[in-house]
Amino acid sequence: MSGDLPLNINIKEPRWDQGTFMGRAQHFFMVTDPRNVLLSSEVLEDARVTVENYRLGNVKPGLTEDQLWRAKYIYDSAFHPDTGEKMLLIGRMSAQVPMNMTITGCMLTFYRTTPAVVFWQWVNQSFNAIVNYTNRSGDAPITVNQLGAAYVSATTGAVVTALGLKALTKSLPAIMGRFVPFAAVAAANCINIPFMRQRELKYGIPVTDAEGKRLGESSEAAQQAIVQVVVSRIGMAVPAMAIPPVIMNALEKKAFMKVRNPKHRLISSISLNLLVFATPLCCALFPQKSSMKVSSLEPELQERIRQNNPHITTVYFNKGL
């Protein structure tokens, strides 16, 4: 081989132990690093070539271990783990902080009028649809009709929830109205993600052994993956959408806020500061590579695995983000 770097570094797995919360948090801090959005196509391509060549046993001369891991995380931030295709820019996890900062700030600021609620919920669900499609698990294609149905259903669900709650909170303290965007986003996530990934529920997602050998497709694994993603997405919204309303409600009672009223800058700043930490920490609630017992799979898949690989009791799958 060329170069001095050994070939036994397992870059198929994250650099840090995914069996611990801190290990997963360190991993997702790298994956969601907003600076990766600014990387050029040449840098992304160089990272892809470095990673794929290393997997084939070809080491670039002078390549260090730190450089290899850096290339691996650049590769992971831009290319889908199952299909290998380059992901849409705003759908990548590295775009979550800047995109959510902007959209969340606007939803928390412009919530008083019906047109503003409808518009910003539509913008948010359009963005979520792109993220959910980009980060779907598995390699099964989704049709245009399925994509459209998921998008329309989630957007309608979010708008109906937001307008319904907005009407209900008119007679309640003003602070309750500030939580309407969060409730709408939570409801929409419960609709958008399952709809966007309905093909996985029907046909299953790839399950593998501990070494990454594909054993089949499982709808049971898809259900578990989608539940985990819904929970982590709602959790991801809590710091940015449930905490700032409390802070803003308190600050707006102060004289300096009544005079200067810099709501746009303040809400965006709070959202940014919280999202920088919330995005990777909430992604870390569940490992991206999740596992389940063979006994929990579909009977036919259980039988196939037991016939061909009787020693396997646990399978693994990519839950998506």
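1. Helices and strands are here DSSP runs, numbered from the N terminus, with at least four residues for a helix and at least two for a strand. On that basis the protein chain of this predicted model has 14 helices and 4 strands.

2. As for the chain as a whole, buried residues make up 48% of its 321 residues, and the chain exposes about 15,300 Å², of which carbon and sulfur atoms supply 62%. Among the contacts with a separation of 6 or more, 74% are accounted for by residues that are 24 or more positions apart.

3. A search of the whole structure for aromatic pairs finds 5. One of them is formed by W69 and Y73, whose ring centres lie 6.5 Å apart with 35 degrees between the planes, and this pair is tilted. W69 and Y73 both belong to helix 3, which spans residues 65-78, and they are 4 residues apart there, about one turn of the helix. Both W69 and Y73 are buried.

4. Two further remarks concern the surroundings of this pair. W69 and Y73 form one aromatic cluster together with W16, and the charged end of K72 sits over the ring of Y73, at 5.5 Å from the centre of that ring.

5. The rings of F119 and W122 deserve a separate comment. Their centres are 5.9 Å apart and their planes stand at 45 degrees, so the pair is tilted, given that planes under 30 degrees apart would count as stacked and those over 60 as edge-to-face. F119 and W122 lie in helix 5, which covers residues 114-134, and because they are 3 residues apart there, about one helical turn separates them.

6. On accessibility, F119 has a relative accessible area of 39% and is therefore partly exposed, while W122, at 42% relative accessibility, also counts as partly exposed; the class in question runs between the limit of under 20% for buried and that of over 50% for exposed. W69 and Y73, by contrast, are both buried.

7. Finally, W122 is also involved through its backbone, since its backbone oxygen lies 2.8 Å from a polar atom of the side chain of S126. S126 is itself found in helix 5, and at 18% relative accessibility S126 counts as buried, because the value falls under the 20% cut-off. Residue W122, in turn, is partly exposed at 42%, so this polar atom pair links a partly exposed residue with a buried one.

Terms used
Residues are numbered from 1 along each chain as its sequence is written. This is a predicted model: local features need pLDDT of at least 70, side-chain atom pairs count only at pLDDT 80 or more; totals for chains, interfaces and linings use all residues. Side-chain values use heavy atoms; hydrogens and water are left out. Rings of Phe, Tyr and Trp (its six-membered ring) pair if their centres lie within 6.5 Å; planes under 30 degrees apart count as stacked, over 60 as edge-to-face and the rest as tilted. Buried means under 20% relative accessible area, exposed over 50%, partly exposed in between (1.4 Å probe, protein chains only). A charge sits over a ring if NZ of Lys or CZ of Arg is within 6 Å of the ring centre and within 35 degrees of the ring normal. A polar contact is a pair of N or O atoms within 3.5 Å; within protein, one must be able to donate a hydrogen and the other to accept it, and residues adjacent in sequence count only if both atoms are side-chain atoms. Contact means heavy atoms within 4.5 Å. Accessible areas come from the Shrake-Rupley method with a 1.4 Å probe; for residues, only the protein chains shown count as cover.
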